[in-house]
Amino acid sequence: MSQNKTCVVIGASHGGVNFAFALRKEGWKGAIVLIDKDQTTPYHRPPLSKKYLELEDSIQNNLLKPLESYEKDNITLSLGKEVAKIDKENKTISLSDGTSQKYDVLVLATGARAFVPPISGINKAKNVFTLRNAKDVEGIRTAFHNSKQKNIVVIGGGYIGLETAASLKKLGANVTVLEREERILARVTTPYLSEFFANLHKANGVHIDVDKSVTEIQSDGNKNTVVCADGTTYPSDLVVVGVGIRVNQELASDIGLEINNGIVVNTATQTSEKDIYAIGDCTFHYNKIYDVHVRLESVQNAVDQAKVAAANICGKATVYDALPWFWSDQYDVKLQIVGLSQNFDSYVVRNEGAMKFSIWYFKNDRLLAVDAINNAKSYVMGTKFIKTEAKIDKEKLADAAVNIKDVLIN
Ligand SMILES: Cc1cc2nc3c(=O)[nH]c(=O)nc-3n(C[C@H](O)[C@H](O)[C@H](O)COP(=O)(O)OP(=O)(O)OC[C@H]3O[C@@H](n4cnc5c(N)ncnc54)[C@H](O)[C@@H]3O)c2cc1C
């Protein structure tokens with residue numbers, strides 16, 4: 001059936017690449033064309049702020065798939081090409097180099113880009129970087145090595161900002177993190193975990209200042225001064241901006257696809273247009289476990305949706321019903337998160353040591369999510385308990401002397 005058809009994928013990152021290979025595996029016999037404006041062979045994004053930055057690793061060690069795999073699976077990888085427009089009536093996409101490409105099925109895996117906040121002078125100043133792709137890391141590395149004092153200001157105390165701070169600290173930089181809210185990670189976690197990470201960074205010599213709204217970056221040659229609303233100033237050789245993302249949804253919105261905090265897809269990852277699917281960071285989708293619509297920024301979500309899209313396109317009706325998970329590495333600390341903690345009404349901390357604990361989030365006594373610090377067992381058991389909707393005795397849970405397997409209410 002798919003013999004003479006073409007499936008075009010826009011975006012060759014975690015979503016697009018996994019989709020292309022999954023589509024072949026599902027039995028698609030036609031052409032698969034995978035397009036990305038990035039020139040680099042598709043690579044893993046999470047290490048960019050972690051090992052890749054810290055160990056000054058080569059991108060060749062971080063590829064999603066070896067280059068030969070694309071040829072082997074007859075996937076046309078078209079890099080350094082930006083898709084400018086979709087013509088859904090004629091099922092054609094136009095590229096910014098003036099060429100076009102027909103499709104029978106189109107998959108949007110366009111992800112997101114780093115948000116550049118409207119800070120005065122930010123576009124003029126030298127050595128100011130966001131961190132979304134390999135080229136950003138190359139820029140950071142070069143500026144870092146060229147700087148004498150190695151004073152680095154990271155704007156934004158979210159996961160990417162903090163991971164970047166930890167990696168640059170390990171490389172020997174003097175790092176200050178400026179966070180606009182009253183605590184780091186305020187948007188994504190509890191004060192308990194925020195405090196843990198704040199202390200962790202302090203112990204490792206990273207300076208964190210909260211309630212700091214950056215208003216201006218003044219530049220003098222290669223040197224910058226970061227200015228905050230309260231008048232404080234921070235000299236810096238290098239500024240890394242990690243204040244969130246913007247979804248790459250314009251191609252979809254231009255052709256009238258439904259948009260709501262991302263490209264809206266159904267549980268089969270299909271957009272409001274029958275032959276156009278969307279996967280990964282760019283999608284706003286239904287999560288059955290939590291009965292909410294969400295947009296997730298995680299590798300797991302991109303990979304799961306890729307598999308669901310591939311199966312559905314090949315005629316195997318499949319529903320996306322994954323339990324979200326995520327991780328972050330900072331210094332020697334591994335945080336693993338399972339579930340969505342939004343709207344929790346209580347939480348329990350299970351302390352198994354200063355650097356080993358877990359936070360369990362509940363709503364009406366139903367376990368929603370677990371944040372596990374250096375604690376794979378709690379992460380694994382938490383996953384199981386959420387999936388089985390297990391009833392948990394919170395007092396026992398809080399007592400680390402009680403085996404995690406014995407915290408259930410029968
Ligand atoms: C520094 C960093 C650290 C992270 N750490 C973690 C982590 O620890 N754990 C985790 O789960 N997730 C992490 N993430 C998030 C994770 O990388 C994303 O969730 C994942 O990359 C999403 O994949 P995606 O394919 O949906 O989108 P993206 O990775 O954003 O890829 C989209 C691709 O589409 C291309 N594109 C967009 N528009 C066009 C166009 N018009 N024409 C051609 N190409 C286009 C882009 O160039 C890009 O390559 C991290 C992200 C970053 C940046």
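**Ligand shell and parallel sheet**

Q: How far is an oxygen atom of the ligand from a polar backbone atom of Gly15?
A: Happy to start here, keeping in mind that this is a predicted model. The pair joins a ligand oxygen to a polar backbone atom of Gly15. A polar contact needs N or O atoms within 3.5 Å. This pair meets that cut-off, with a separation of 2.8 Å.

Q: Which residue has a polar side-chain atom 2.6 Å from an oxygen atom of the ligand, Asp36 aside?
A: Asp36 places a polar side-chain atom 2.6 Å from a ligand oxygen. An N or O side-chain atom also lies 2.6 Å from an oxygen of the ligand in Ser13.

Q: What share of the ligand's exposed area does the protein bury?
A: Taken alone, the ligand exposes 1,000 Å². Of that area, the protein buries 96%.

Q: Why does the ligand lie between two domains, and which are they?
A: The shell around the ligand draws residues from both domains, so the ligand sits between them. Their bounds are 6-113 + 246-313 and 128-243, which are domain 1 and domain 2.

Q: Which strands are the edges of the five-stranded open sheet?
A: The sheet runs in the order E3-E2-E1-E7-E19, with parallel pairing. An edge strand here pairs on one side only. That applies to strand E3 (75-79) and strand E19 (276-278).

Q: Which residue in E7 stands opposite Val8?
A: Strand E1 (residues 6-10) pairs with strand E7 (residues 105-108) in the parallel sense, over four bridges. Opposite Val8, in E7, stands Leu106.

How values were computed:
Residues are numbered from 1 along each chain as its sequence is written. This is a predicted model: local features need pLDDT of at least 70, side-chain atom pairs count only at pLDDT 80 or more; totals for chains, interfaces and linings use all residues. Side-chain values use heavy atoms; hydrogens and water are left out. A polar contact is a pair of N or O atoms within 3.5 Å; within protein, one must be able to donate a hydrogen and the other to accept it, and residues adjacent in sequence count only if both atoms are side-chain atoms. Accessible areas come from the Shrake-Rupley method with a 1.4 Å probe; for residues, only the protein chains shown count as cover. Domain bounds come from an automatic or database domain assignment. Two strands pair if DSSP finds at least two bridges between them. Helices (H or I, at least four residues) and strands (E, at least two) are DSSP runs, numbered from the N terminus.
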